[in-house]
Amino acid sequence: MGVTLKQIAELAGVSVGTVDRALHDRGRVDPKVAQRIKLIAKELDYRPNTVAKSLSSRRRNLKITVIFHIQSHNAFFNDVMKGIQNCKEEISDFGISIELKECPDFNAQEQLKLIDQAIEEGTNAIAIVPINHPAIKKRINELHRQHFPVVFLTNIIDETEYLSFVGCNYTLSGAITAGLLYLACPGHGKLLLFSPSFQMLGHVLRMNGLKKTLEQEYSQIVLQDVIEMTGNDIRDYQLTRKALEEFPETNLIVCPGAYSYGNLQAIQEMGYFQNSRIICYDYSQEIGKEIKNRNITATIIQQPQLQGYTAMKTLFEYLTYEKIPDTRNQYIETRIILKENLSEI
């Protein structure tokens, strides 16, 4: 027979209600008391009564809607969806459904329609990769005032209220990029930054973090230009060739990696795999192959599967027992992948 809340309460010398609040981080409990309760529960291998919660959730017929900002798939968002699916399978006993809605690429008005459609269909919570647009900000703020739970997934927008953001610390990611560039080329460097779309505020924050760190710490590295990629391989190939032709002395490159294979193809064809140090963002098998061949120095990854999983788990916990995340911004740890730790992927 499993351990009960009453048994934990007796051992901790508190009420059953206090144990329930402590284990679910709900309400006010003295931190020392909460720590003691959690330690007892762990020692006794306490497991919540999932059957009772499952029945309660089924009666409520809860639904989570995930709204993306694009329809075109890439390695990063394929991994995000794997994380969503992992959580979906984990919570399947609770009768909570998860629905995915894809937006025409970076179309704010269409994303707004998807938000309203989800509300009309009776969804109980939304996880969204938000497009940085006034209409999206306004609608999400309206939902927040109505106490409707919204989690930002992988991207964040400013001047907006939300239950939680799950993604990387973009500013820190930019600073880490600057540090890697210095380690790769401690002398004078001439850098080109190829960035994913700036319609995602996170990409702007990452660029600014890179620029600020270069200015403050590594002024010997000169940022020659910033080129915004489109996600269209043909167009990105053309933009990349044009930039490298304009700045032939480039010896440092930062590129969006899995977001744009046209970008990588142009870099390779023009000989910059051999004549520069390259830092990528995100991971794919192609990037892994080039890291192994020493053509790409390193890639900085955001653990997309963990992002997708965490966003779903956050909304699940909020819907089932009103748990508020411990931190509003749930930063997923940034990882650096080199040839030496490729096996960890």
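Which residues touch the most other members of the largest nonpolar core? The points below start there and then move through the rest of the chain.

1. **The main core.** This is a predicted model. Its largest nonpolar core has 78 residues. Phe152 and Met312 touch the most other members of that core. Among the elements, helix H5, which covers residues 75-90, gives the most to the core, with 6 residues. As background, nonpolar side chains tend to be buried together in soluble globular proteins.

2. **Around Phe152.** Look at the surroundings of Phe152 next. Residues up to four places away in sequence are not counted here. Phe152 then touches Ile128, Pro130, Ile140 and Ile157. It also touches Thr160, Tyr162, Ser164, Phe165 and Val166. Apart from the largest core lies another core, of 17 residues. Leu181, Leu191, Leu214 and Ala298 are among the members of this other core.

3. **The whole protein.** Step back for the overall picture. The protein has 345 residues, and 50% of them count as buried. It contains 14 helices and 12 strands. The C-alpha trace spans about 70 × 45 × 35 Å along its principal axes. Now take the contacts with a separation of 6 or more. Residues 24 or more positions apart account for 69% of them.

4. **Thr65, in a strand.** Thr65 sits in strand S1, residues 63-67. Is Thr65 buried or exposed? Thr65 counts as buried, because its relative accessibility is 0%. Its side chain makes a polar contact of 2.8 Å with the side chain of Thr123. Thr123 is also on the contact list of Thr65, which leaves aside neighbours within four places in sequence. The other residues on that list are Glu99, Lys101, Ala118, Ala125, Ile126 and Ala127.

5. **Ser260, in a loop.** Ser260 belongs to the loop between strand S8 (252-255) and helix H11 (261-269). Ser260 counts as buried, because its relative accessibility is 0%. A polar atom of the Ser260 side chain lies 3.2 Å from the backbone nitrogen of Asn263. Not counting residues up to four places away in sequence, Ser260 touches Met229, Asp233 and Asp236.

6. **Tyr331, partly exposed.** Tyr331 is in strand S11, residues 329-331. Why does Tyr331 count as partly exposed? The reason is its relative accessible area of 45%, as the partly exposed class runs between 20% and 50%. Leaving aside neighbours within four places in sequence, Tyr331 is in contact with Phe165, Gly167, Cys168 and Asn169. Phe165 appeared earlier too, as a residue that Phe152 touches. Tyr331 and Gln109 are 222 residues apart along the chain. Their C-alpha atoms are separated by 28 Å.

7. **Two packed helices.** Two packed helices are described by the angle between their axes and the distance between the axes. Helix H1 covers residues 5-12, and helix H2 covers residues 16-23. They pack at an angle of about 100°, with their axes 8 Å apart. H1 is therefore roughly perpendicular to H2, because angles of 65 to 115 degrees fall in that class. H1 brings Leu5, Lys6, Ile8 and Ala9 to the contact. H2 brings Val16, Val19, Asp20 and Leu23. By class, the contact has 6 nonpolar residues, 2 charged residues and no polar ones.

Notes: Residues are numbered from 1 along each chain as its sequence is written. This is a predicted model: local features need pLDDT of at least 70, side-chain atom pairs count only at pLDDT 80 or more; totals for chains, interfaces and linings use all residues. Side-chain values use heavy atoms; hydrogens and water are left out. A nonpolar core is a set of buried Ala, Val, Leu, Ile, Met, Phe, Trp, Tyr and Cys residues joined through side-chain atoms within 4.5 Å. Buried means under 20% relative accessible area, exposed over 50%, partly exposed in between (1.4 Å probe, protein chains only). Helices (H or I, at least four residues) and strands (E, at least two) are DSSP runs, numbered from the N terminus. Contact means heavy atoms within 4.5 Å. A polar contact is a pair of N or O atoms within 3.5 Å; within protein, one must be able to donate a hydrogen and the other to accept it, and residues adjacent in sequence count only if both atoms are side-chain atoms. Axes are lines fitted to C-alpha atoms, for helices over the stretch in contact, and angles run from 0 to 180 degrees between N-to-C directions. Angles under 35 degrees count as roughly parallel, over 145 as roughly antiparallel, 65 to 115 as roughly perpendicular and the rest as oblique. Ala, Val, Leu, Ile, Met, Phe, Trp, Tyr, Cys and Pro count as nonpolar, Asp, Glu, Lys and Arg as charged, and the others, Gly among them, as polar.
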